[in-house]
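Trainee: Could you take me through one part of this protein slowly, starting from the whole and then closing in on a single strand of the sheet? I would like to see how that strand sits among its neighbours.

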Amino acid sequence: MAKELYAGPRKDPYKIIIGANTVTKKNLLPLLKDHKKLLLISDSGVPKSIIKNITAICKLKSKILSFTIEKGEKSKSISNFNKIINFLAKKNFDRGDAIIAVGGGVVGDISGYVASSYMRGIQYIQIPTTLLAQVDSSVGGKTAINISAGKNLVGAFYNPKGVIIDITSLKTLTKRELMAGLAEVIKYGLIKNKVLFDLLQQNTQKIMNLNNGVIEKMIYESISTKASIVTKDEKEKGIRAILNFGHTVGHAIEAQSKYRKILHGEAVAKGMLVASKISLSENMITDTEFNKIRDLLRSYKFDLSLEHYKYSDLKPFIFRDKKIQKGKLNLILLTGISNAVISNKFDPNNLKKSIG
Ligand SMILES: NC(=O)c1ccc[n+]([C@@H]2O[C@H](COP(=O)([O-])OP(=O)(O)OC[C@H]3O[C@@H](n4cnc5c(N)ncnc54)[C@H](O)[C@@H]3O)[C@@H](O)[C@H]2O)c1
């Protein structure tokens with residue numbers, strides 16, 4: 001049985017359906033109500049079988065057009081944004097029509113941003129097909145495109161009308177892409193969700209083998225954690241910052257690697273270990289807790305080495321992070337497993353020491 005939960009503003013939440021083979025007439029058709037035209041946006045790496053199934057269902061209710069971008073982060077661009085909004089205009093899409101985003105975070109982010117701005121906002125539905133998109137980018141309402149000055153610098157908070165997660169779509173993902181999503185899952189376990197932490201600890205093999213029951217529960221727990229945080233702080237003014245656990249150093253590692261050699265999740269795994277080390281040095285967590293965290297990351301075979309990174313090289317990127325307030329760096333640290341806090345009171349030497 002698929003699981004369901006709600007995210008978004010309390011007054012107007014959107015439904016998220018999670019399970020195996022969830023892209024069905026029963027789940028999709030109610031979301032298409034009243035839309036005469038749909039634009040399915042995907043990228044060249046999304047398996048054709050997924051698109052074919054969605055298109056066949058949509059055709060029962062609406063006229064469906066499609067727009068495919070090249071796979072890869074470069075596609076989250078102003079140029080593609082321009083092409084898509086002009087395509088919508090040329091095909092006479094109006095406010096009653098909708099967009100369906102089918103793919104990873106790249107497709108979800110650009111589709112959401114197009115939806116937020118075309119005719120001052122049309123509805124969109126997310127059908128995320130990577131683990132990262134299923135547990136992270138499809139929930140929380142952040143949409144964005146990249147500009148040459150930086151990633152995600154142009155965007156909007158704009159919630160989808162609904163999200164359908166089919167866990168069987170993970171079967172075609174590369175191991176590397178799967179691991180990138182898994183880093184975010186581990187993050188939810190470390191910052192807030194002990195049930196998830198235990199599930200991750202006890203089911204390594206089942207998770208790596210994509211066992212349906214365990215994956216469904218894992219994604220459900222991840223999204224409920226993100227949804228509960230985001231509902232409290234939609235516009236990222238306070239508590240939502242704990243979702244950045246591991247990301248300050250992770251972003252610095254990514255930026256120093258020029259986003260090429262290392263995937264976001266791989267950098268976040270290293271960043272989470274660094275943040276845990278600082279928490280240990282600050283006596284906020286015990287040796288036993290630190291070892292449990294390191295062992296969990298190791299059990300999923302994350303490369304946690306920092307030998308290619310020097311503190312002096314990462315420092316400018318760390319201190320360029322958005323988390324600087326009144327000249328002080330805010331870091332997300334742990335006061336225990338599944339307990340994150342926002343702190344600017346740590347000893348900077350512990351940050352330096354944790355990278356080496
Ligand atoms: N909006 C948010 O809150 C938020 C949160 C986290 C990340 N993001 C954004 O998400 C993006 C990264 O997303 P991602 O990791 O999903 O990368 P991605 O969208 O680039 O997808 C990774 C690759 O997997 C392919 N793919 C997609 N579905 C597949 C499937 N079922 N089988 C096989 N291959 C498949 C894609 O074609 C692509 O080549 C970044 O741009 C990041 O900024 C946004």
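**A close look at strand β5**

Mentor: Happy to. In this predicted model, buried residues make up 46% of the 356 residues in the protein. Its secondary structure comes to 14 helices and 13 strands. The radius of gyration is 20 Å, close to the 21 Å that the globule rule gives for 356 residues, so the protein is as compact as a globular protein of that length. Measuring along the principal axes is a job for the computer, and the C-alpha trace spans about 60 × 45 × 40 Å. Of the contacts with a separation of 6 or more, 74% are between residues 24 or more positions apart.

Now to the sheet that holds your strand. Seven strands form an open sheet, and their order is β1-β2-β9-β6-β5-β3-β4, with mixed pairing. At the edges are β1 (3–7) and β4 (63–69), each of which pairs on one side only. On average, neighbouring strands here are turned by 20° against each other, direction ignored. In general, the strands of a sheet pair through backbone hydrogen bonds, either parallel or antiparallel.

Find β5 in that order, between β6 and β3. Six of the six residues of β5 are buried, so the strand is largely enclosed by the rest of the structure. Cover exists on both faces: Ala98, Ile100 and Val102 are buried on one side, and Ile99, Ala101 and Gly103 are buried on the other.

Take the β3 side next. β3 and β5 run parallel and are joined by four bridges. Here Ile41 stands opposite Ala101 in β5. Stepping on from β3 (residues 37–43) to β4, you again meet parallel pairing, over seven bridges. Within that pair, Leu38 has Ile64 of β4 as its bridge partner.

On the other side of your strand, six bridges join β5 to β6, and these two run parallel. Val102 is a good residue to click on, as it stands opposite Ile127 in β6.

What packs on the sheet here? Helix α4 (residues 105–117) does, touching β3, β5 (98–103) and β6 (123–128). The direction of α4 makes about 170° with that of β5. Elsewhere on the sheet, helix α9 (residues 212–232) lies across β1, β2 (14–19) and β9 (162–166), and runs at about 15° to β1.

To place the strand in the wider fold, turn to the domains. The domain assignment gives domain 1 (3–172) and domain 2 (175–355), and their C-alpha centres lie 27 Å apart. Where they meet, 24 residues of domain 1 are in contact with 24 residues of domain 2. On the domain 1 side, β1, β2 and α5 (131–137) each supply at least two residues. Helix α5 gives the most, with five residues. By class, that side of domain 1 has 14 nonpolar, five polar and five charged residues.

For a contrast in setting, look at Leu200, which is found in helix α7 (residues 194–202). Leu200 is buried, with 24 other C-beta atoms within 10 Å. Leaving out residues up to four places away in sequence, Leu200 touches Val185, Ile186, Gly189 and Leu296. The C-alpha atoms of Leu200 and Val185 are separated by 8.8 Å, and the two residues are 15 apart along the chain.

How values were computed: Residues numbered from 1 in each chain as written. Predicted model: local features only at pLDDT ≥ 70, side-chain atom pairs only at ≥ 80, totals over all residues. Pairing = 2+ DSSP bridges. Axes fitted to C-alpha atoms, helices over the stretch in contact; angles between N-to-C directions. Contact = placed C-beta atoms within 7 Å. Rg over C-alpha atoms; globule rule 2.2 N^0.38 Å. Buried ≥ 20, exposed ≤ 12 C-beta atoms within 10 Å, placed from the backbone. Domains from an automatic or database assignment. Nonpolar A, V, L, I, M, F, W, Y, C, P; charged D, E, K, R; others polar.
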